[in-house]
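Me: Could you walk me through this one? I'd like to start with the rings and then go on to the overall build.

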Amino acid sequence: MKSARPDIVLSSLEAFQGLRLAMAYLRSVSIVFDRRGDGGLLDAVDRDLRMMPADKADEQQLGQVRAYCAKAVISTHVALLYAAIWWYQKLVEINPSLKHDPLDAELRTVVDSGLLESMREVRNAVFHIRPSTRAERLISDVVNRTLANRLALAKLERLLYDATEAMFLNPEALFQEKEEVLMQGFRDALAYYHEHLADS
C-alpha cells in the first residue's frame with residue numbers, strides 16, 4: 001500500500017475527532033428524548049414543574065416554561081446533529097474510504113429535501129453569539145421538512161454512530177496505512193528521538 005501523505009492523515013484525524021466530539025455533545029442532549037416507557041426526560045421536567053406550589057406559578061406560566069424547555073432542547077439537538085453531519089462529510093471528502101453507505105443514502109434524501117439546509121440555519125442560530133429572533137420559525141421548518149419527507153432525526157443519529165463504529169473497526173482506512181507500517185513508523189520516530197533529541 002502506498003504511504004499516505006502526513007497532511008491527509010492529520011486532516012482525516014482532525015475531522016474524525018471533530019465528528020466524535022460533536023457526537024459526544026449530541027448524545028448528552030439526545031438522551032433527553034430517550035423513552036423507556038416513562039415519556040423521557042422532558043416528561044420528567046413536566047412532572048417536576050407540576051409539583052411546584054400553586055402560588056409559585058400558574059398553569060399558563062408552567063406551559064410557557066415547558067414550551068421554552070422543549071424548544072431549547074430541540075434547537076440544540078438539531079444544531080449538534082448538523083455539526084456531526086458536517087464533520088462526517090468533511091471526513092469522507094478527505095478520505096472517501098470511510099464512507100458509510102446507509103448513512104450516505106439517508107443524507108441524499110436529507111439534502112434533496114432541503115432539510116440539511118434548514119438544519120444549518122438552526123445551527124447558525126444556536127451557535128452564533130447574538131440570539132436569533134428566527135429560531136422558532138427555523139425549528140418549525142425543520143420539523144415540517146422532517147414530517148413531509150418521512151425522515152427521522154433519531155435515525156440519522158443512529159447511522160452516524162454506526163459510521164463511527166465502522167471507522168473504529170477499520171483503522172487501516174482511517175489512517176490510510178496498514179497497522180504494522182504505522183507501528184514501524186512510530187518505532188522509527190521513537191528511535192530517532194532517543195538517538196538525536198533526548199539529551200538536548
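**Aromatic rings, core and fold**

Me: How many aromatic pairs does a search of the whole structure find?
Reply: This is a predicted model, and searching the whole structure turns up one aromatic pair.

Me: Which residues form the pair, and what's the angle between the planes?
Reply: The partners are Trp86 and Trp87, arranged edge-to-face, with 5.0 Å from centre to centre and 85 degrees between the planes.

Me: And why does Trp86 count as partly exposed?
Reply: Trp86 has a relative accessibility of 37%, which lies between the 20% limit for buried and the 50% limit for exposed, so Trp86 counts as partly exposed. Trp87, with a relative accessible area of 21%, is partly exposed too.

Me: New topic: what helices and strands does the protein chain have?
Reply: The protein chain has nine helices and zero strands, and of its 200 residues, 34% count as buried.

Me: OK, so which residues have the most contacts inside the largest nonpolar core?
Reply: That core has 38 residues, and Tyr88, Met119 and Leu160 are the ones with the most contacts inside it. The elements giving two or more residues to this core include helix 1 (6–30), helix 3 (59–94) and helix 5 (115–127), and helix 3 gives the most, with eleven residues.

Me: What does Met119 touch, leaving out residues up to four places away in sequence?
Reply: With those left out, Met119 touches Val78, Leu81, Tyr82, Ile85, Val142 and Leu153.

Me: Last one: how much area does the protein chain expose?
Reply: The protein chain exposes about 12,800 Å², and carbon and sulfur atoms supply 56% of that area.

Methods:
Residues are numbered from 1 along each chain as its sequence is written. This is a predicted model: local features need pLDDT of at least 70, side-chain atom pairs count only at pLDDT 80 or more; totals for chains, interfaces and linings use all residues. Side-chain values use heavy atoms; hydrogens and water are left out. Helices (H or I, at least four residues) and strands (E, at least two) are DSSP runs, numbered from the N terminus. Buried means under 20% relative accessible area, exposed over 50%, partly exposed in between (1.4 Å probe, protein chains only). Accessible areas come from the Shrake-Rupley method with a 1.4 Å probe; for residues, only the protein chains shown count as cover. A nonpolar core is a set of buried Ala, Val, Leu, Ile, Met, Phe, Trp, Tyr and Cys residues joined through side-chain atoms within 4.5 Å. Contact means heavy atoms within 4.5 Å. Rings of Phe, Tyr and Trp (its six-membered ring) pair if their centres lie within 6.5 Å; planes under 30 degrees apart count as stacked, over 60 as edge-to-face and the rest as tilted.
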